[in-house]
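Visitor: I would like to know what stands behind the labels in this model. Please take me through them one at a time.

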Amino acid sequence: MLDSFFKISQRGSTVAREVRGGVVTFFTMAYIVALNPLIIGLAKDADGKYIGGGDAPNLALVAAATALIAGVMTILMGVVANFPLAIATGLGLNTFVAVGIASKMTWADAMGLVVLEGLIILILVLTGFRTAVFRAVPTQLKIAISVGIGLFIALIGLVDAGFVRRTGTGPVPVTLGDNGNLVGWPVVVFAFGLFLTIALTVKKVKAAILIGIVAATAAAIAIESAFKIGPLFNGATGEVNPKGWNLNVPAMPETVAATPKFDIIGDFNLLGGFDRISLVAAVLLVFTLLLADFFDTMGTMTAIGNQAGLVDRDGNVEGANRILLIDSIAAAAGGAGSVSSNTSYIESASGVGEGARTGLASVVTGVLFLLTTFLAPLVAIIPYEAATPALVIVGFLMMTQIKGIDWDDLGIAIPAFLTIILMPFTYNISVGIGAGFVSYVVIRLFQGRSKEISPLLWIVAGLFMVYFLQSPINIWTA
């Protein structure tokens, strides 16, 4: 039954590979259950209130709702779209909601704008516009998007592991480790996990990524037990320990399960934001959310489809309309659940790297998220340093697609180059896609080959110009 419904054999996979892939995807993105509460759960709205309207933060409520919405939407992605893509609260989007939107209104108003943005994207999918835009993108730009995302997630892995860190001063924004030096046991755990995963991959061991994560986590627990390293940042004292663990301290939890509460779900006011700020300001906030959601998902879907071999000769992803439909519903569901817009996660590539090819992997990931509402303490034992080697390996696998770009045609090579480098350099998928679209239109125009530009691509490039020029537009409309 599973094989027939999910087309497992047809796509060259097995139930075991799908389950492994789903587990690996969960492990590489389970951090969002712990991280989202720290981003939106500790932020105050314009009235000085936390999510739920309280005077004190309640991180457990945010964590439970984050896991619940992620689980439900990821299962829907697997069942409806049959695609190995997981969904959860969007990083970057949640920061924008907390800092850029909620600070101007109440949390209920802010989440109302998120729901509104999701409904608009849903309409764009149902009318066929979102799928049409995807098909209007040149095939080699789709490849560039996939390659750029590969570099982006590899950089995410290196930064989250502490192998690469931001510099406070100096001529460059990032450096090796702590001021040019690798320090602390966590980096050793990352290196151990990375080389173990590489060795297993080279030997073509089927569960290479999963084994790497489990082994690195076990090593991290043993090291923390022996040396009592502690966190990178101590929230209670504000102290920074360069040798500490990033996000999760790997230690066996005192309790395995806890009863979740979902009190904040449904706490949104659809049009309340328009009463707190001007119409133009509210529209720009919704537009910013919409643009990021619209093209981040397109890039992620393209990358996963290419890696899994689920694209046709033109680079169009199998079942794209259903994928975009579920992703659009997820954006609105995130707002309705008071956890910010939910979107497709590029970390799903780690599961595809483990062999996932169907929606069964997404169902497995979704079920694990639902279990996390009860088993949050278990998720907290996996540090970034144990999970992020998977992202580096997957980044390499996605990078291999670069050979499909014609570097002799400058009209496609330069936009592809800008797409690839700007994703990791700006830490933003949409910026890379936008730069590629705009430069492609401009260069083809200069080459006298404007007939090769789809009318939709003209429109999208114009929208991205508005996106890039938001600051002067805000000043002009103030």
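**Labels and their cut-offs**

Guide: In helix 20, the residues L456, L457, V460, A461, F464 and Y467 are buried. This is a predicted model: local features need pLDDT of at least 70, side-chain atom pairs count only at pLDDT 80 or more, and totals for chains, interfaces and linings use all residues. Residues are numbered from 1 along each chain as its sequence is written, and side-chain values use heavy atoms, with hydrogens and water left out.

Visitor: What makes a residue buried, partly exposed or exposed?

Guide: Buried means under 20% relative accessible area, exposed over 50%, and partly exposed in between (1.4 Å probe, protein chains only).

Visitor: Where do the buried residues of helix 20 sit around the axis?

Guide: They cover an arc of only 130 degrees, so they lie on the same side of helix 20. The arc is that of the directions from the helix axis to the C-beta atoms. An α-helix has 3.6 residues a turn, so residues three or four places apart point the same way.

Visitor: How do you know what span helix 20 should have?

Guide: Helices (H or I, at least four residues) and strands (E, at least two) are DSSP runs, numbered from the N terminus. The expected span of a helix is 1.5 Å times one less than its number of residues. Helix 20 runs over residues 455-468, which is 14 residues, so 20 Å is expected. Its end C-alpha atoms are 20 Å apart, which agrees.

Visitor: Why is the contact of R11 with E318 called a salt bridge?

Guide: The term needs a side-chain nitrogen of Lys or Arg within 4 Å of a carboxyl oxygen of Asp or Glu. The closest N and O atoms of R11 and E318 are 2.9 Å apart, so the pair qualifies. R11 is in the loop between helix 1 (2-6) and helix 2, and E318 is in the loop between helix 12 and helix 13 (320-336). The two are 307 residues apart, so the pair links distant parts of the chain. R11, at 16% relative accessibility, counts as buried, whereas E318, at 36%, is partly exposed.

Visitor: What does the salt bridge of D327 with R130 tie together?

Guide: The closest N and O atoms of D327 and R130 are 3.4 Å apart. D327 lies in helix 13 and R130 in helix 7 (residues 129-136), so the pair ties together parts 197 residues apart in sequence. D327 has a relative accessible area of 1%, so it is buried. R130 is at 2%, so it is buried as well.

Visitor: Which residues form a network of salt bridges?

Guide: D409, R444, R449 and E452 are linked in a network. In it, E452 and R444 meet at 3.4 Å, N to O. R444 is buried at 3%; E452 is partly exposed at 40%. The structure holds nine salt bridges.

Visitor: What makes a space a cavity or a pocket?

Guide: On a 1 Å grid over the protein atoms alone, a cavity is a set of points where a 1.4 Å probe fits but cannot get out. A pocket is an open set with protein on both sides within 12 Å along at least five of seven lines. Lining residues have an atom within 4 Å of a point. Grid points are joined across faces, edges and corners, and a volume is the space filled by probe spheres set on the points.

Visitor: How many cavities of 30 Å³ or more are there?

Guide: Two. The largest has a volume of about 100 Å³. Of its 14 lining residues, F27, T28, Y31, Y384 and A387 are the closest to its centre. The second largest has about 50 Å³. T25, P84, A361, S362 and T365 lie nearest the centre of that one.

Visitor: And the largest pocket: what volume does it have, and which helix supplies the largest share of its lining?

Guide: The largest pocket has about 1,400 Å³ of space. Helix 12 supplies the largest share of the lining, five residues. L35, I39, L91, D160 and Y427 lie nearest the centre, among 50 lining residues.

Visitor: What is noted about phi of S340?

Guide: Phi of S340 is near 80 degrees, a positive value in a residue other than glycine. Most residues other than glycine have a negative phi. S340 lies in the loop between helix 13 and strand 4. Its relative accessible area is 0%, so S340 is buried.
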